[in-house]
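Visitor: Could you take me through one part of this model in detail? I'd like a close look at the six-stranded sheet and whatever packs on it.

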Amino acid sequence: MSAQIVSTDVLVIGGGLAGERCAIEAAAAGHEVLMLSVVPPRRSHSCAAQGGMQASLANCVKAEGDNPTLHYLDTVKGSDWGADQEVAQIFAEEAPVAVRELAHFGVPWTRVKAGKNPYFVKGELVEIEEKEENDGLIMHRDFGGTAKWRACYAGAGTGHAALYAVDSEAVRLGVTVRDRAEAVALIHDGGRCWGAVSRCLRTGEHSAVLAKATVIATGGHGRIYGQYTTNATINEGTGAAIALDTGVVPLGNMEAVQFHPTALSPSGILVTEGCRGDGGYLLDKDLHRFMVEAEPEKQELTSCPATWHAACVMAKVLRLNTVRICGSMSGISARSI
Ligand SMILES: Cc1cc2nc3c(=O)[nH]c(=O)nc-3n(C[C@H](O)[C@H](O)[C@H](O)COP(=O)(O)OP(=O)(O)OC[C@H]3O[C@@H](n4cnc5c(N)ncnc54)[C@H](O)[C@@H]3O)c2cc1C
């Protein structure tokens, strides 16, 4: 059996938001880019993200005074000081640029509406007047662990909108996409990566993709927890596995697993964090709102892992039942899910 050999400047393994954005950057700089993806890029798991993306644009009343420094401080605190602080700083500073750039690529961000608007704050309906001069700017919603409203969102389909926009941009820039193609091994000489071996999931044929630079952007690996994950079935961690398999590439921050308090049981499908920002709150089986006791200030929007753990142990062990989420979520009733 003969194996096909192709070469490119940059090989991007993964067609989710991370891979697509990386491919755009490389292609825009004039490099030839080939992208591998198990599924067509637009079906990558990024498509499932609903809630929003943090950027301190400070466009609405509840975001006034926000800036990259506050975003950076929230990020470090929210990670329980586990985050790489240099990366967190770059992230906080670049996020406003990235959000505006996504608007340029075509993401239909939800916008500020001047005048009185009904919002939920700590589960209560309040009316807030947005300024005339902010009308039409990118809107923010409240998300976990943030001092200001900072999450920029496109209705309830932020990931979907962003993924379709970046994929269109990648196509426009001439990125070559091989979907239904799985990277099964990295090609390396122990010191340098030269590309990857890819298997076509339609025919089973293998090919060698030789590249001057290889990027692994294969997303999360929640499926290693079986059904107890919000991740799609393709999120099995094969990208991380081929790196580890080289014996020379270590994996970092493997302890950083995000806990989500509003996943549906037993499917694992996530009720977006945005529903808590938009007024959803958590009740135990006795209809007791336990997060108000556990964290009076941010309540259901606390980011502190220790508080969440303690609160959920309290709700589960003391009251012996699963948690319910109540309230309204962008007009959709999420009661008793
Ligand atoms: C339900 C849900 C809601 C979320 N909501 C939010 C939110 O509101 N805000 C937020 O910021 N984040 C949110 N997240 C997290 C966010 O969606 C992810 O962190 C992000 O989309 C990951 O992007 P990615 O490009 O790294 O990975 P993915 O989108 O998972 O893409 C991985 C890509 O790698 C490819 N791939 C995998 N293995 C291989 C292989 N061996 N060979 C070739 N290709 C491979 C896949 O085909 C896919 O194209 C949410 C996540 C979930 C599950």
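Guide: Here's a walk through that sheet, its helices and the ligand shell beside them.

First, the ground rules. This is a predicted model, so to speak of local features we need pLDDT of at least 70, and side-chain atom pairs count only at pLDDT 80 or more, while totals for chains, interfaces and linings use all residues. Residues are numbered from 1 along each chain as its sequence is written.

The protein's secondary structure comes to eight helices and 15 strands; these are DSSP runs numbered from the N terminus, H or I over at least four residues for helices and E over at least two for strands. Our sheet is open, has six strands in the order 8-2-1-11-10-9, and its pairing is mixed. Two strands count as paired if DSSP finds at least two bridges between them. Strand 8 (176–179) and strand 9 stand at the edges with a single partner strand each, so one side of each is left without a neighbour in the sheet. On average, neighbouring strands here are turned by 40° against each other, direction ignored.

Now for the helices. Helix 1 packs on the sheet and touches strand 1, strand 2 and strand 11, with its direction making about 170° with that of strand 2. Helix 5 packs on the sheet too, touching strand 1, strand 9 and strand 11, and its direction makes about 20° with that of strand 9. For those angles, axes are lines fitted to C-alpha atoms (for helices over the stretch in contact), and values run from 0 to 180 degrees between N-to-C directions. A contact needs two C-beta atoms, placed from the backbone, within 7 Å.

Stay with helix 5 (238–245) for a moment. Gly239, Ile242 and Ala243 are buried in it, where buried takes 20 or more other C-beta atoms within 10 Å of the residue's own, again placed from the backbone. Seen down the axis of helix 5, its buried residues fall within an arc of 100°, so they line one face of the helix; the arc is taken over directions from the helix axis to the C-beta atoms. Their cover includes strand 1 (4–13), strand 9 and strand 11 (206–216). Just after helix 5, Gly247 takes a positive phi of about 80°.

Over at the strand 9 edge, strand 9 and strand 10 (residues 193–200) run antiparallel and are joined by seven bridges. Ile187 stands opposite Gly195 in strand 10. The two strands form a hairpin with four residues between them, and Gly190 in the turn has a positive phi of about 90°.

Finally, the ligand. It is surrounded by 37 residues, the closest being Gly14, Gly16, His45, Gly51 and Gly219; to belong, a residue's backbone-placed C-beta atom must lie within 6 Å of the molecule. Among the elements giving two or more residues to this shell are helix 1 (17–28), strand 2 (33–37), strand 9 (181–188) and helix 5. Helix 1 gives the most, with three residues. By type, the shell divides into 14 nonpolar, 22 polar and one charged, with Ala, Val, Leu, Ile, Met, Phe, Trp, Tyr, Cys and Pro taken as nonpolar, Asp, Glu, Lys and Arg as charged, and the others, Gly among them, as polar.

Conventions: A residue is buried if 20 or more other C-beta atoms lie within 10 Å of its own, exposed if 12 or fewer, and partly exposed in between; C-beta atoms are placed from the backbone.
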